[in-house]
Amino acid sequence: MTMEIFLQNMANGITLGSLYALLAIGYTMVYGILRLINFAHGEIFMISTYFAFYGTAIFALPWQISFLIAIVLTALLGVVIERAAYRPLRDAPRISALISAIGVSFLMANLGLVIFGGRPKTFYRPPIFQTPIELGGVRVVALFFVIPALTAILLVALNYIVYKTKTGLAMRAAQWDFDTARLMGVDVDRAISITFAIGSALAAVGGIMWGLRFAEINPNMGLFPGLKCFIAAVFGGIGNISGAVLGGFILGFGEIMLVAFLPGLAGYRDAFAFILLILILLVRPTGLLGDKQRVKI
Amino acid sequence: MLKIKDLEVYYDGIHAIKGASLKVPQGALVTLVGSNGAGKSTLLRTICGLKKPSSGQLIFEGHNLLDMSVTRIVQMGITMVPEGRQIFPDLTVMENLRLGAYTRTDQEGIAFDQERVFNLFPRLKERAAQKGGTLSGGEQQMLAIARGLMAGPSLLLMDEPSLGLAPILVEEVFRVIQEIHSEGVTLLLIEQNAQAALAIADYGYVMESGSIVLQGKGTDLLHDEAVRRAYLGQDVTA
Ligand SMILES: Nc1ncnc2c1ncn2[C@@H]1O[C@H](COP(=O)(O)OP(=O)(O)OP(=O)(O)O)[C@@H](O)[C@H]1O
Ligand SMILES: [Mg+2]
């Protein structure tokens with residue numbers, strides 16, 4: 001393997017890892033507060049790319065504006081899904097909300113098929129992200145720096161919100177127990193809405209960068225990234241944000257390296273995530289950074 | 001200060017509170033005793049707004065609490081130290097205290113109350129950066145009380161604060177309760193330890209399967225034959 005190919009694989013791994021990390025955070029945050037796997041998260045990711053696509057393609061908005069609007073709309077979409085599909089089931093047995101989540105996931109994927117059409121669309125890629133940059137004699141396009149850099153910035157911001165602000169304090173209190181949090185004066189519904197908004201906004205950033213990276217979007221694109229990032233969240237320890245990031249990077253990196261070093265196994269690329277899942281469930285069911293499983297009252 | 005009238009509370013089919021009426025005057029220490037499952041915790045949860053009653057009145061300083069959210073009730077000055085401590089184990093002692101003051105915006109008042117609880121519980125100051133879950137049972141109870149005080153309540157509801165503590169800590173908790181009371185906080189205290197609670201209370205209520213069956217001055221109840229037989233007898237042997 002030449003230096004150039006090696007560096008290209010590194011860049012691919014870090015990039016895919018960043019995208020997976022952004023998506024995995026949404027799963028872990030929602031699980032943390034509601035003990036619910038939001039199966040619709042992959043579709044939220046998918047729809048965000050269409051918001052951005054229509055913004056530039058139909059409404060001819062400048063890409064910056066279009067992407068920003070797409071992120072805001074996706075955050076709202078996440079909040080609306082929680083209101084409509086999960087909140088009414090908050091006091092029902094947990095399996096009900098889980099079934100509702102699977103229902104929303106199917107509904108959105110199929111609505112996507114009807115509204116957006118099954119044919120893949122070409123995502124607008126602003127030329128600035130394709131600017132070649134020289135690094136150690138190797139040329140890499142700017143996007144490969146933008147994705148990890150933006151991801152890092154968002155992770156720092158998220159960390160700040162969760163651990164340094166009053167809103168974050170309320171979210172962490174609600175994660176432990178709704179009623180005790182309420183007794184402190186925390187508006188639990190609001191904390192949950194904010195959790196969905198943040199998770200969905202991060203999925204939108206991931207979705208848009210996915211479009212920039214792979215150039216094509218389609219209504220089924222949420223399925224595999226969604227499943228894999230759910231696995232990444234479980235692998236890292238579901239409920240734990242650092243765990244989701246770690247899981248996302250391990251998965252993204254692992255996938256790329258598997259294909260790079262063992263090209264014979266390239267066909268098993270998508271199976272890699274599931275193998276990791278089985279391994280972690282056998283060896284350490286709470287995930288890499290997950291602590292003792294707690295039962296929420 | 002707090003007036004409860006003909007309160008009825010149900011859990012699905014269970015009739016947990018059957019027409020209870022109580023009064024907590026300003027500045028008083030009122031205790032509510034009764035055996036397991038009598039409905040004591042349910043009463044406190046209803047006062048806080050966590051549980052909605054099916055009928056009855058809840059009036060706090062002239063305001064009707066029934067339509068208020070829990071947040072609003074906390075802002076009105078009612079705070080509960082819940083049963084079984086219920087501190088946030090993953091959050092630091094400091095964060096737990098900050099949550100106690102969650103609805104407040106008066107930074108000076110918060111700083112003042114923080115000093116106050118650290119004086120009351122010097123242990124918590126030493127452990128400020130530690131996770132709540134790493135504290136001992138007694139320290140966690142102190143944290144739960146301190147967290148309640150951080151809201152700057154005018155009425156503090158305490159649900160069995162001495163539950164599961166070693167005798168020496170029980171004494172400590174009762175000392176703290178009296179100190180809080182002497183600072184002018186009105187208290188509604190639920191206790192299994194009826195003897196100790198009635199001894200320090202201005203007024204007491206005895207609850208049995210959802211109804212108030214007896215009430216009177218703390219010391220009167222303490223010497224009441226029926227109360228002694230039903231509740232205090234258990235305490236002596238327990
Ligand atoms: N969440 C709930 N769902 C259904 N029933 C409940 C619930 N909480 C309490 N109950 C029932 O309501 C009644 C009163 O319970 P409550 O917890 O208020 O009693 P308590 O006097 O606080 O008892 P203890 O001294 O054991 O704490 C009991 O019969 C209990 O089983
Ligand atoms: Mg109780």
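**A sheet and its helices, term by term**

Helix H7 of chain B is followed by B:Gly184, whose phi is positive, near 100 degrees. This is a predicted model, where local features need pLDDT of at least 70, side-chain atom pairs count only at pLDDT 80 or more, and totals for chains, interfaces and linings use all residues. Residues are numbered from 1 along each chain as its sequence is written, chains are lettered from A and ligands numbered from 1 in the order in which they are written, and side-chain values use heavy atoms, leaving out hydrogens and water.

Me: How do you know that the length of H7(B) agrees with its residue count?

Reply: H7(B) covers residues 167-182, and a helix here is a DSSP run of H or I with at least four residues, numbered from the N terminus, while a strand is a run of E with at least two. The expected span is 1.5 Å times one less than the number of residues. For the 16 residues of H7(B) that gives 22 Å, and the end C-alpha atoms are 23 Å apart, which agrees.

Me: What makes B:Val170 buried and B:Glu171 exposed?

Reply: Buried means under 20% relative accessible area, exposed over 50%, and partly exposed in between (1.4 Å probe, protein chains only). B:Val170, B:Val173, B:Phe174, B:Val176, B:Ile177, B:Ile180 and B:His181 are buried. They cover an arc of only 160 degrees around the axis, so they lie on the same side of H7(B); the arc is taken from the directions from the helix axis to the C-beta atoms. On the other side, B:Ile168, B:Glu171 and B:Ser182 are exposed.

Me: What covers the buried residues of H7(B)?

Reply: The cover includes S3, H4 (107-120), H6, S7, S8 and H8 (194-200) of chain B, with contact meaning heavy atoms within 4.5 Å.

Me: Why are S6 and S10 of chain B called edge strands?

Reply: Two strands pair if DSSP finds at least two bridges between them. The open sheet of six strands has the order S6-S7-S8-S3-S9-S10, with mixed pairing. S6 (78-81) and S10 (211-217) each have a single partner strand, so one side of each is left without a neighbour in the sheet. S9 (residues 203-208) pairs with S10(B) in the antiparallel sense over six bridges.

Me: Why are H5(A) and H6(A) called roughly perpendicular?

Reply: Their axes come within 5 Å and cross at roughly 70 degrees. Angles under 35 degrees count as roughly parallel, over 145 as roughly antiparallel, 65 to 115 as roughly perpendicular and the rest as oblique. H5(A) and H6(A) are therefore roughly perpendicular to each other.

Conventions. Axes are lines fitted to C-alpha atoms, for helices over the stretch in contact, and angles run from 0 to 180 degrees between N-to-C directions.
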